[in-house]
Amino acid sequence: MKKVLTLFATALLCLSAMAQTKQISLEDIWMSGKFSPRGIQAIRSMNDGEHYCTLTRNGIAKYAYATGEQEGMVCNFAEYNKKHAKPLPIFSSYAFSADESLILLECDFEPLYRHSGVSNYYLYNVAENSFTLISANGKQRLTTLSPDGKMIAFVRDNNLFKMDLETLEETQITFDGKINEIINGTTDWVYEEEFAITQGFYWSPDSKKIAFFRFDESKVKEFTMQYWGGLYPDNYTYKYPKAGEDNSVVDVLIYDLPSSKTLKLNIGSENDQYIPRIKWTQDANTLAVMRMNRLQNNMELILANATTGALRTLYTEKDEAYVEVPDTWMFLQDGKNWIITSEKDGFNHIYMYDMNGNLVRQITSGNYDVTGVCGIDEKKGTIYFTSHESGAINVDLYMIDFKGKKKICLNDNIGTQKAPKYQLGTYNATFSNGCKYYIRTYSNANQPNLYTLHNSKGTLINTLQDNAALKQTMTEYGTGHKEFGSYTTSNGTELNYYLVLPADFDSSKTYPLFIYVYGGPGNQQVTNRYGGSDYYWHHMLTQKGYVVACFDGRGTGGRGAAFKKQTYKNLGKMECEDAIETAKYFGQKSWIDASRIGIFGWSFGGYLSSLSILKGNDVFKSAIAVAPVTTWRYYDNIYTERFLQRPQDNPQGYDENSPINFADQLKGNYLLIHGTGDDNVHFQNALDLVTALHNANKQFEFRAYPNKNHSIYGGNTRLNLYELMTDFILRKL
């Protein structure tokens, strides 16, 4: 293909100059911070829309949007510590009150699951330069200021509380919270993991009501993990609904502060439905509730009267496979219209509806997916959004008017006025209050994050962070030569891939091939953006003589609903076929040793790498699987049933592509790795595959990381893990 020829022309011209470069070590990647990019933390626009703040170790710094220059400190931690014997803790987040006279600060975060935890909170009084611990009665969860800035609400011990900020008096709102039974104001494990929601309460716009979730998980079956380190292991038990099993019963309640009364909405409390989102409209007496059926192929938006509980349906969306929870769902300040993203025309686009549920118009359209809405300027009638319009591997930044007619790409002026216009890569933006300015982030596969400040028309004001030092380090170590291409499979599907070649690549030689894969529904790994730690590990492997490749097979994202949903009810089949065919495609190249092809993946990728070496045992010499699902019967119901339906409805979809059922086909070298404290993909998955391999009398390598979760990190754990995998590759590939 032309893309491949271009790739090699570029490689041969550019990479020869990199032959004499520093060698990357795993200590460089995981311990030294040598390859860590610099960023801008916790950008917050101030009320005036002319200033923004960022969080630093020394305090909250204030900057002018008009110049990008610092104008002072809103809150100076360092100066405070100089004057007080007891130093302040390290704060991880902050939020302003409505009038910006108070700042809520979070610290001492203690994780519960992957995305949730408890923290201490301080209140900073700007005028008095004073800090007050407001969680003196115990750590809190999800502490949130009321819109008028006079109160906070939070969760403690599965109950919802409010606090008056003038008196710091706590008032308990719910009293039935109990671990592994009743949850108020936050969500259960599976909602957190699969609907990406932990915030389970929301202030009304007038600060007079709080809408909140109540989860009754008493009938959800329990899963117990053991943690080692003491004389006897500790058992940790929590509720985990596996495919086909009972869910929590979820209610939506509204607490009225003036009357101290709670209203329960009649939304049909039952196991076989989900409430993935609730949101207040601009009307302080109207709450919007998103409801989905168990199979997630029917979504409704319901408006509830917060006083009477009366309900009416605003919107309904159905799909033969499943409906994605919308990335954007917001009610405009005019009180007349609202915005939602949907895949209903085959691609993810932006739609505007009125408050009676009538379609006003489809704002974006075309054969590309919108990836997010960054900002809305209602006065100018403009939406700022990101999309894959220039190709699935890129993310572009655009502005479009409410009528959907005037669209402008904002991908120009990359850092300096001399940079080429419309440079491809990955863009995002954070907008000022009122959308007069925005801070844009940009990266590509070989360019770390670049932060630039712009006005609403896209004109560059200032470069805030260019990561020039890291870019120089990348040059010294010979990185920065990831290249993209595509090929057409035997069934006529075009698949995207990237390659990382040795710096001294010689097409007359042959190289072993190491394939990295993920492959889950809607996921993308072949993206034109800066890639993080594995980016450097891949380059380190090329320094040791390997070619590294990655592909996005059928079912992955960025290419519309049909491409993503074609794996519905048959998860793993097409993905494995594409992994095998990709290996064969590269194995036909004169510069690849087809007898030395390996594959590696984590989580869904571990599932796919395992299945690939079993079903493709004549293609893959070696495989590494980290924290793999080995049967979808063991995974949670929201994720699994979305793509496979329930196991009682579709048993063949669960079993025909389970690695456990193909253990007897192992021929090559297999390394299985799992953390015993994995609350997401349970260690049970690894152990049952180990049993199946033992029963089939197959030899393989196995490493358990005691007490480590799905991410397998902490201390030097990641270094140890990558030493293990690198050693396996050098020995077995």
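A cavity is a set of grid points where a 1.4 Å probe fits but cannot get out, and its lining residues have an atom within 4 Å of a point. On that basis, Ala-392, Ile-393, Asn-496, Gln-524, Val-526, Asp-552, Thr-556, Gly-557 and Arg-559 line the largest cavity of this structure. The model is predicted. Its protein chain has a mean pLDDT of 94, and 96% of the residues reach 70 or more. Residues 1–19 stay under 50 in pLDDT. For this stretch the model has 30 contacts beyond four places in sequence.

Rolling a probe the size of a water molecule over the atoms shows where empty space is left. A search of the whole structure returned 2 cavities of 30 Å³ or more. The largest holds about 50 Å³ of space. Its lining comprises 3 nonpolar, 4 polar and 2 charged residues. Asp-552 and Arg-559 are among the lining residues, and both count as charged because Asp and Arg belong to that class.

The second largest cavity has a volume of about 30 Å³. Phe-514, Gly-598, Ile-599, Ser-622, Ala-623, Ile-624, Phe-728, Ile-729 and Leu-733 form its lining. Three elements each give two or more residues to this lining: strand E40 (592–602), strand E41 (622–626) and helix H13 (717–732). Strand E41 gives the most, with 3 residues. By class, the lining of the second largest cavity divides into 7 nonpolar and 2 polar residues, with no charged residue. Gly-598 falls in the polar class because Gly is counted there.

A helix pair was also examined. Helix H8 spans residues 573–587, and helix H9 spans residues 604–615. Their axes come within 9 Å and cross at roughly 65°. The crossing of H8 past H9 is right-handed. On the H8 side, the contact involves Glu-575, Cys-576, Ala-579 and Ile-580. These meet Phe-604, Leu-608, Leu-611, Ser-612 and Lys-615 in H9. The contact of H8 with H9 has 6 nonpolar, 1 polar and 2 charged residues.

Technical notes
Residues are numbered from 1 along each chain as its sequence is written. This is a predicted model: local features need pLDDT of at least 70, side-chain atom pairs count only at pLDDT 80 or more; totals for chains, interfaces and linings use all residues. Side-chain values use heavy atoms; hydrogens and water are left out. On a 1 Å grid over the protein atoms alone, a cavity is a set of points where a 1.4 Å probe fits but cannot get out, and a pocket is an open set with protein on both sides within 12 Å along at least five of seven lines; lining residues have an atom within 4 Å of a point. Grid points are joined across faces, edges and corners, and a volume is the space filled by probe spheres set on the points. Helices (H or I, at least four residues) and strands (E, at least two) are DSSP runs, numbered from the N terminus. Axes are lines fitted to C-alpha atoms, for helices over the stretch in contact, and angles run from 0 to 180 degrees between N-to-C directions. A crossing is left-handed if the near helix is turned anticlockwise from the far one by less than a right angle, and right-handed if clockwise. Contact means heavy atoms within 4.5 Å. pLDDT is the predictor's confidence in each residue, from 0 to 100.
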